[in-house]
Amino acid sequence: MPSFDIVSKVDLQTLDNAINTVKKEITNRYDFKGSHVNIELDKKELVLKLEVETDMKLGQVVDVLISQTMRKGMEASVYDMSKEPYQSGKVYKKDIPVRNGIKQEDAKKIVKLIKDAGLKVQAAIMDDIIRVTGKKIDDLQEVIQLCKGANLGLPLQYQNMKS
């Protein structure tokens with residue numbers, strides 16, 4: 001039976017390259033000359049830690065981060081921007097978790113979306129992967145288009161297409 005996997009994985013090297021490009025761009029910008037900017041990626045926890053002087057500069061760093069990430073071929077939704085920045089002394093800090101893997105509640109939403117579409121496929125949750133199987137490859141391609149058009153807020157990839 002034809003099948004494929006829906007995954008949400010982040011290439012750590014591409015992410016690291018994007019962050020290094022952001023650091024280089026920020027140090028070369030005139031409006032950031034002499035100001036405190038610290039950008040760190042905790043590779044074990046997959047959390048990006050930003051530290052800047054003002055709230056406005058924090059917004060500019062985030063904009064540069066998103067644009068560089070998209071230039072490297074990754075989706076902007078790889079960053080979980082739901083956490084609010086906080087002030088610590090004279091600096092503003094923001095911790096941005098990097099989404100890697102599909103959480104259980106998100107996987108359940110995707111499976112429900114596939115089942116509600118009425119396609120003749122089966123979707124099964126396997127840890128942080130969703131395996132979709134069906135009799136026809138055309139049905140599987142419809143599932144991919146359905147997931148792309150659903151605006152789930154997750155960076156999804158489609159792997160292991162087998163027929």
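The following exchange concerns a predicted model and the reasoning behind its structural labels.

Visitor: How do you know what confidence the chain carries?
Guide: pLDDT is the predictor's confidence in each residue, from 0 to 100. The mean for the chain is 91, and 100% of its residues reach 70 or more. Local features need a pLDDT of at least 70, so the cut-off in pLDDT excludes no residue from them.

Visitor: Where in the chain is confidence lowest, and where is it highest?
Guide: Strand 8 (residues 157-162) has the lowest mean, 88, whereas strand 3 has the highest, 94.

Visitor: What makes strand 2 and strand 3 a pair?
Guide: Two strands pair if DSSP finds at least two bridges between them. Six bridges join strand 2 to strand 3, therefore they count as a pair; they run antiparallel. Within this pairing, Leu41 stands opposite Leu48, and Asp42 stands opposite Val47. The hairpin has four residues between the strands, and Leu46 takes a positive phi near 55°.

Visitor: Why are strand 2 and strand 4 called edge strands?
Guide: The open sheet has four strands in the order 2-3-5-4, with antiparallel pairing. Strand 2 and strand 4 (86-88) each pair on one side only, and are therefore its edges. Neighbouring strands in this sheet are turned by 25° against each other on average, direction ignored.

Visitor: What makes helix 1 a helix that packs on the sheet?
Guide: Helix 1 touches strand 2 and strand 3, and its direction makes about 175° with that of strand 2. Contact requires heavy atoms within 4.5 Å. Helix 2 lies across strand 2, strand 3 and strand 5 (91-97), running at about 140° to strand 3.

Visitor: Why is the set containing Leu15 and Leu48 called a nonpolar core?
Guide: Such a core consists of buried residues of nonpolar types, Leu, Tyr and Val among them, joined through side-chain atoms within 4.5 Å; buried means under 20% relative accessible area. The largest core has 22 residues, and Leu15, Leu48, Leu50, Tyr79 and Val98 touch the most other members. As members, these five are therefore buried. Helix 1 (12-28), strand 2 (37-42), strand 3 (47-52) and helix 2 (55-71) each supply at least two residues. Helix 2 gives the largest share, five residues.

Visitor: Which residues does Leu50 touch beyond four places away in sequence?
Guide: Among them are Asn38, Ile39, Leu58, Val61, Val62, Tyr92 and Ile96. Apart from the largest core lies another, of 17 residues, including Ile102, Ile130, Leu140 and Ile144.

Methods: Residues are numbered from 1 along each chain as its sequence is written. This is a predicted model: local features need pLDDT of at least 70, side-chain atom pairs count only at pLDDT 80 or more; totals for chains, interfaces and linings use all residues. Side-chain values use heavy atoms; hydrogens and water are left out. Buried means under 20% relative accessible area, exposed over 50%, partly exposed in between (1.4 Å probe, protein chains only). Axes are lines fitted to C-alpha atoms, for helices over the stretch in contact, and angles run from 0 to 180 degrees between N-to-C directions.
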